[in-house]
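Here are my notes on the model, point by point. Please read them with the structure open.

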Amino acid sequence: MRRVRLVVDALAVGGGVAALAIAALVVTGTTPTRATELAFAIGALALGIGLLGWSGSVMAGRGIETMQNHLDTNTDWTEAKSRRAMARVGGFGGGLMLTSAIVEVLASGP
């Protein structure tokens with residue numbers, strides 16, 4: 001349940017940021033269509049980085065942890081923390097994408 005909440009919270013934050021960013025862009029003179037396209041593109045980038053980082057953490061995380069223990073680096077990096085962080089980044093991007101798509105549909109009208 002904590003994992004779902006982590007992603008849902010990030011989705012909500014991304015949605016709020018998307019709404020604010022689209023409003024700010026429209027106020028500064030950008031067309032609504034261009035503003036939603038820009039917010040969607042940034043969200044897609046964040047989602048992609050999150051997915052890539054999450055999968056990289058799964059694939060190489062234990063090896064990196066073992067290397068850090070062997071080298072005695074005393075860092076606080078762990079596979080689990082990395083996966084959680086990347087899930088937040090991906091959820092944030094998903095929220096940006098979802099909100100910008102909804103705003104574009106609502107703005108274009110029937």
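1. Leu20 is exposed, at 64% relative accessibility. The cut-offs are under 20% relative accessible area for buried, over 50% for exposed, and partly exposed in between, with a 1.4 Å probe and protein chains only. Leu20 sits in helix α1. Helices here are DSSP runs of H or I with at least four residues, strands are runs of E with at least two, and both are numbered from the N terminus. From Leu20 to Arg5 the C-alpha distance is 23 Å, for a separation of 15 residues in sequence.

2. A word on conventions. This is a predicted model, in which local features need pLDDT of at least 70 and side-chain atom pairs count only at pLDDT 80 or more, while totals for chains, interfaces and linings use all residues. Numbering runs from 1 along each chain as its sequence is written, and side-chain values use heavy atoms, with hydrogens and water left out.

3. Next, the packing of α1 on α2. Helix α1 spans residues 2-27 and helix α2 spans residues 32-71. Their angle is about 145 degrees, and their axes lie 9 Å apart. Axes are lines fitted to C-alpha atoms, for helices over the stretch in contact; angles are taken between N-to-C directions and run from 0 to 180 degrees. The crossing of α1 past α2 is right-handed. Right-handed means that the near helix is turned clockwise from the far one by less than a right angle, and left-handed that it is turned anticlockwise.

4. Which residues of α1 and α2 make the contact? From α1 come Ile22, Leu25 and Val26. From α2 come Pro32, Ala35, Thr36, Leu38 and Ala39. Contact means heavy atoms within 4.5 Å. By class, this α1 to α2 contact has seven nonpolar residues, one polar and no charged. Ala, Val, Leu, Ile, Met, Phe, Trp, Tyr, Cys and Pro count as nonpolar; Asp, Glu, Lys and Arg count as charged; the others, Gly among them, count as polar.

5. The largest pocket holds about 300 Å³ of space. A pocket is an open set of points on a 1 Å grid over the protein atoms alone, where a 1.4 Å probe fits, with protein on both sides within 12 Å along at least five of seven lines; lining residues have an atom within 4 Å of a point. Grid points are joined across faces, edges and corners, and the volume is the space filled by probe spheres set on them.

6. What lines the largest pocket? The lining consists of Arg2, Arg3, Leu6, Val7, Trp54, Ala80, Arg83, Arg84 and Ala87. Helices α1 and α3 (79-108) each supply at least two of these lining residues. The class count is five nonpolar, four charged and no polar.

7. Leu6 deserves a look of its own. This lining residue belongs to helix α1. Leu6 is buried, at a relative accessible area of 13%. Neighbours within four places in sequence aside, Leu6 touches Arg84, Ala87 and Arg88. Leu6 and Ala85 are 79 residues apart along the chain, yet their C-alpha atoms are separated by 9.4 Å.

8. Is Thr99 of α3 buried or exposed? Thr99, a residue of helix α3, is buried, with 18% relative accessible area. Beyond four places in sequence, Thr99 is in contact with Gly15, Ala18 and Ala19. The C-alpha atoms of Thr99 and Phe40 are 8.3 Å apart, with their positions 59 residues apart along the chain. To Leu71 the C-alpha distance from Thr99 is 44 Å, for 28 residues in sequence.

9. Now Gln68 and Leu71. Both are in helix α2. Gln68 is buried, with 15% relative accessible area, whereas Leu71 is exposed, with 52%. Not counting residues up to four places away in sequence, Gln68 touches Thr73, Thr75 and Trp77.

10. Please check the backbone in the loop between α2 and α3. Asp72 is in that loop, and so is Asn74. Phi of Asp72 is near 55 degrees, a positive value in a residue other than glycine. Asn74 also has phi near 55 degrees, again positive and not in a glycine. Asp72 is exposed at 54% relative accessible area, and Asn74 is exposed at 68%.
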